[in-house]
Amino acid sequence: MNALKKLIAPLGLLSILCAIPSMAQIANSVKFDAPSAFYAGNAKMPAGSYTVTQPDADTNLLLIESASGSHSVFVEYEVVSSNTPHAKSDVTFNRYGNVEFLSAIWVDGRKSEMQILPSKLEQNTAKAAAAEKHSLSARSAGQP
């Protein structure tokens with residue numbers, strides 16, 4: 001019985017430590033509703049609800065995943081700084097004719113945006129038409 005008590009305390013501490021990284025990931029997610037299909041990187045994503053997370057804080061990769069889990073893609077991004085904090089979370093798209101590409105993600109209160117690196121498909125599409133930018137409201141994790 002004494003050995004069991006000695007084992008329970010370290011296991012409890014270990015389970016708390018394992019939960020901390022997952023809490024940080026949830027706190028850094030952004031959710032948005034796309035009214036039409038769009039490209040994220042080279043993947044065509046259907047209209048619907050999406051969550052954006054950064055699975056590894058040490059890399060510049062974002063995971064874009066549909067609420068149903070049926071569509072997901074990793075995209076590379078670069079950080080672009082601003083002088084003032086962004087007032088609200090939103091996602092920005094580049095529209096070329098009737099084709100849309102995810103372009104950037106802002107998180108409310110931050111002074112930088114995560115700018116999605118354009119895929120070869122977007123680069124080729126941009127040669128034929130000028131980009132028209134537009135944004136959709138998004139929600140940071142923990143917000144209604």
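Strand β1 pairs with strand β10 (residues 132-140) in the antiparallel sense, over three bridges. Two strands are taken to pair if DSSP finds at least two bridges between them. Helices (H or I, at least four residues) and strands (E, at least two) are DSSP runs, numbered from the N terminus. Phe 32 of β1 stands opposite Ala 138 in β10. The model is predicted: local features need pLDDT of at least 70, side-chain atom pairs count only at pLDDT 80 or more, and totals for chains, interfaces and linings use all residues. Residues are numbered from 1 along each chain as its sequence is written, and side-chain values use heavy atoms, with hydrogens and water left out.

β1 also joins β4 through five bridges, and these two strands run antiparallel. Here Lys 31 has Thr 51 of β4 as its bridge partner. β1 has two faces: Val 30, Phe 32 and Ala 34 are on the covered one, while Lys 31 and Asp 33 are on the uncovered one.

Phe 32, on the covered face, touches a set of residues that lie further than four places away in sequence. Among them are Phe 38, Tyr 50, Val 52, Val 91, Phe 93 and Ala 138; contact here means heavy atoms within 4.5 Å. Phe 32 also belongs to the largest nonpolar core, which has 22 residues. A nonpolar core is a set of buried Ala, Val, Leu, Ile, Met, Phe, Trp, Tyr and Cys residues joined through side-chain atoms within 4.5 Å. Buried means under 20% relative accessible area, exposed over 50%, and partly exposed in between, with a 1.4 Å probe and protein chains only. The core members that touch the most other members are Phe 32, Phe 38, Leu 62, Ile 64, Leu 102 and Ile 105.

The pairing continues from β4 (residues 48-53), which is antiparallel to β5 over four bridges. Tyr 50 stands opposite Ser 66 of β5. β5 (residues 61-66) is in turn joined to β6 (residues 72-81) by five bridges, again antiparallel. Within this pair, Leu 61 stands opposite Glu 76 and Leu 63 opposite Phe 74. β5 and β6 form a hairpin with five residues between the strands, where Gly 69 takes a positive phi near 80°. β6 also pairs with β9 (residues 112-116), in the antiparallel sense and over five bridges. Val 80 has Glu 113 of β9 as its bridge partner.

Taken as a whole, the protein has two helices and 10 strands. Along the sequence they follow the pattern α-β-β-β-β-β-β-β-β-β-α-β. Of its 144 residues, 30% are buried. Among contacts with a separation of 6 or more, 52% are between residues 24 or more positions apart.

Some of the loops can be followed in the same way. Ala 37 is in the loop between β1 (30-34) and β2 (38-40). Ala 37 counts as partly exposed because its relative accessible area is 33%. Leaving aside neighbours within four places in sequence, Ala 37 is in contact with Lys 44, Met 45, Pro 46, Ala 47 and Glu 100. The C-alpha atoms of Ala 37 and Phe 101 are 9.1 Å apart, with their positions 64 residues apart along the chain.

Gly 97 is in the loop between β7 (90-96) and β8 (99-106). Its relative accessible area is 63%, so Gly 97 is exposed. The C-alpha atom of Gly 97 is separated by 9.5 Å from that of Ala 128, 31 residues apart along the chain.

Ser 119 is in the loop between β9 and α2 (120-128). Ser 119 counts as buried because its relative accessibility is 8%. Apart from neighbours within four places in sequence, Ser 119 is in contact with Gly 41, Asn 42 and Phe 101.

Ser 119 also lines the largest cavity, together with Tyr 39, Gly 41, Phe 101, Leu 102, Ile 116, Leu 117, Pro 118 and Glu 122. On a 1 Å grid over the protein atoms alone, a cavity is a set of points where a 1.4 Å probe fits but cannot get out, and lining residues have an atom within 4 Å of a point. Grid points are joined across faces, edges and corners, and a volume is the space filled by probe spheres set on the points. The largest cavity holds about 30 Å³ of space, and the count of cavities of 30 Å³ or more comes to one. Its lining divides into six nonpolar, two polar and one charged residue. Ala, Val, Leu, Ile, Met, Phe, Trp, Tyr, Cys and Pro count as nonpolar, Asp, Glu, Lys and Arg as charged, and the others, Gly among them, as polar.

Conventions
1 Å grid on protein atoms, 1.4 Å probe; cavity = no way out; pocket = protein on both sides within 12 Å on 5 of 7 lines; lining within 4 Å.
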